[in-house]
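Me: I have a structure to go through and would like some help reading it. Can we start with where the chains meet?

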Amino acid sequence: MGIVMDMKIKTEAAVKPPIMSAKNVDVSYGKKQAIDNVSLDIPENQITALIGPSGCGKSTFLRCFNRMNDTISTCKTTGEIRFAGQDIYDKKVDVVALRARIGMVFQKANPFPKSIFDNVAYGPRIHDLAENKDHLKDIVITSLKRAGLYDEVSDRLDESGTGLSGGQQQRLCIARAIAVDPQVILMDEPCSALDPIATAVIEDLMEQMKEKYTIVIVTHSMAQAARISQKTAFFHLGKLVEYGETDKIFTNPTDPRTQNYISGKIG
Amino acid sequence: MTDYTSENYIQENYALATSPSLRRRHAKEARFKWYGRIAIMIAFGFLVLMFSTIIFRGAGAFQQTNIALDVNFSEQVIDPSGERNPQALASANYKPLLTAALSKTFPEITARNDKRHLYKLLSSGAVFELGQLVSDDPSLIGTNQTIWLTASSEVDLFMKGKIDANLDETLRRISNKDISYIQALQKNGHIKKKFNSAFFTNGDSREPEMAGILGAALGSFFSLLVCFAIAFPLGIMTAVYLEEYAKKSKLTDLIEVNINNLAAVPSIVFGLLGLSIFLGVFHIPRSTPLVGGMVLALMTLPTIIIAARASLRSVPNTIREAAYGLGASKTQATFHHVVPLAMPGMLTGTILGMAQALGETAPLLMIGMVAFIVDIPHGVTDAATSLPVQIFLWADSPEKGFVERTSAAIIVLLAFLILMNLLAVFLRKKLERRW
């Protein structure tokens, strides 16, 4: 295996079935309901932004897509989420395989306290993606290049990943996610701790990445959602208020709550 | 417009000078600083007092008075058969050689009673020293050699100035005649204090001058080895399971409460448990480092579990999420990332628990590690005692020579502890990774 170039023939986005689809999803932490009956389709090779005020459940919803909420013992998810037609909450689904297909980048850059090389190589190693050492090195370098980090770190791959700057660490985390060769990459406010320049670098990167990957991003910044995404979903108090083309959401929202949020009246 | 130049205005609203209430706050701060300093000084003072007393008392034990004698290794006396059998050589009767050598050094002393005093200058272990010499090197037989032999404890104490010669003769353990012999030896340079290597190579003995710490030190070492081999893997695995795998329930709460309580159980209770279970049910040989280590492991286990859990909890959750996000299984996330990051804390906790076990006496008393054991243990199943028990035994002995040996043994124990703590610091520094 390894990094195989995307050979799929691109058809029109409208005809293509969504790569992920959520149907009537409810999530609760103990007695508190965090997500209330949300249904949403994620189109392939596009960037979908989830926006909404703090505590609206957008991060919780994002974490349903790779079953990251399973690690929280009080969290209960019902409903149906399909990835390429398969229900990911089905008993037969191996959550390890699921997370290899659907990668994740977190709000706070969390590189392992290991070398840059080992950070990127960890995923391929545990999934046995590399046939030999040279192949592994190849995967690491390709992933770092795709994450736009290789030129900055090519001479110090054996130095600790935690010694990089904040923006570089976040790109290292993206490279680490890419190295496993996933179909979907979930991003949970990846730029919230970065300065505008580092943010711009990552936004450019995402623009290139969507050729090969499907990206779902949670963001606080409406400007960011408007800049990079093709689809935007607005969440409020655990409910999906409005979902549609980004252009339409930001120029001509149908729901007054969306209108209020994007004009800065709530949130 | 506000008149900033008015003196009144500055005083009321822009005053930078101190005020009575500010001064009270500063005084409070200064007072608290001094309370802290005084507390540290008192603690430090006690520490210095403790160390200086122990070192002052124990330093003498690292030196031992020896007496030089011209010994004629007569073949007739020690090996009449001429077989040179090492076993027979070691246990032959060397007393005649010593009496002959002493008579040669003091030819003027002939009276029987005086001669008996003369022999008492030497340790009763001196004959064994000669036996050891000859069995190691049989070529000595038939030659004349000047040999330094261990002096008796009384002579040693006198040489170290711990017996007051001005005291009335009946009140001291050494007579005027003995003193005159010692002075005669001193004149020829035949009596000298030398480094006491026997203290580090001998086991216990009834004679203070022959008693050494090696048996007890090895007993402690083997016990700790067993303790580590049992408590470390068990403790770490328990902590990892409870912290990373177990779902929180009434049962885990109960286990947690009980582990915390176990850490506070008096150590002698663990000794009783060892006595009734390990010795009574499993019939593990008593007085051995094996059973001692098992009892100490029971005692150390809660300490290790608590320390390991605390250090697992301190690993940020983002590391676990990063691993899960890449498709690592729980075991991979735990053993590739969480445990290595928690390892420095776990090791520190373990070594501190072991240091506590090293100083423990009470549980060992219950399982028979308190016996008078002369032989040096060579493994975990040889009868042995331990350093703190040895200190206790020597402190309990009536012979005056044991006083300094007790302190010297405490110095050895403290050295052990300091070494273990240094090891903990070293391991923490070496394994620590920042994120």
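Reply: Sure. This is a predicted model. The contact takes 21 residues from chain A and 18 residues from chain B.

Me: Which elements of chain A supply residues to the side that touches chain B?

Reply: Helix 2 (95–101), strand 6 (102–105) and helix 3 (116–126) of chain A supply at least two residues each.

Me: And what's that side made of, by class?

Reply: On the side of chain A that touches chain B there are ten nonpolar, eight polar and three charged residues.

Me: New topic, the sheet in chain B. What's the strand order?

Reply: The order is 2-1-3, in an open sheet of three strands with antiparallel pairing.

Me: Why is one side of strand 2 and of strand 3 left without a neighbour?

Reply: Strand 2 (144–150) and strand 3 (191–195) of chain B are at the edges and have a single partner strand each, so one side of each has no neighbour in the sheet. Neighbouring strands of this sheet are turned by 40° against each other on average, ignoring direction.

Me: How many bridges join strand 1 to strand 2 in chain B?

Reply: Seven, with strand 1 covering residues 63–72 of chain B. Within strand 2 of chain B, B:Gln145 is the residue opposite B:Val71.

Me: Okay, helix 13 of chain B. Which residues are buried?

Reply: B:Phe270, B:Gly271, B:Gly274 and B:Phe278. The buried residues of this helix pack against helix 14 (289–313) and helix 17 (362–366) of chain B.

Me: What's its reach, first C-alpha to last?

Reply: Helix 13 (residues 267–279) of chain B reaches 17 Å with 13 residues, close to the 18 Å expected at 1.5 Å a residue.

Methods
Residues numbered from 1 in each chain as written. Chains lettered and ligands numbered in written order. Predicted model: local features only at pLDDT ≥ 70, side-chain atom pairs only at ≥ 80, totals over all residues. Pairing = 2+ DSSP bridges. Helix = DSSP H or I, 4+ residues; strand = E, 2+ residues; numbered from the N terminus. Axes fitted to C-alpha atoms, helices over the stretch in contact; angles between N-to-C directions. Contact = placed C-beta atoms within 7 Å. Nonpolar A, V, L, I, M, F, W, Y, C, P; charged D, E, K, R; others polar. Expected span 1.5 Å × (residues − 1). Buried ≥ 20, exposed ≤ 12 C-beta atoms within 10 Å, placed from the backbone.
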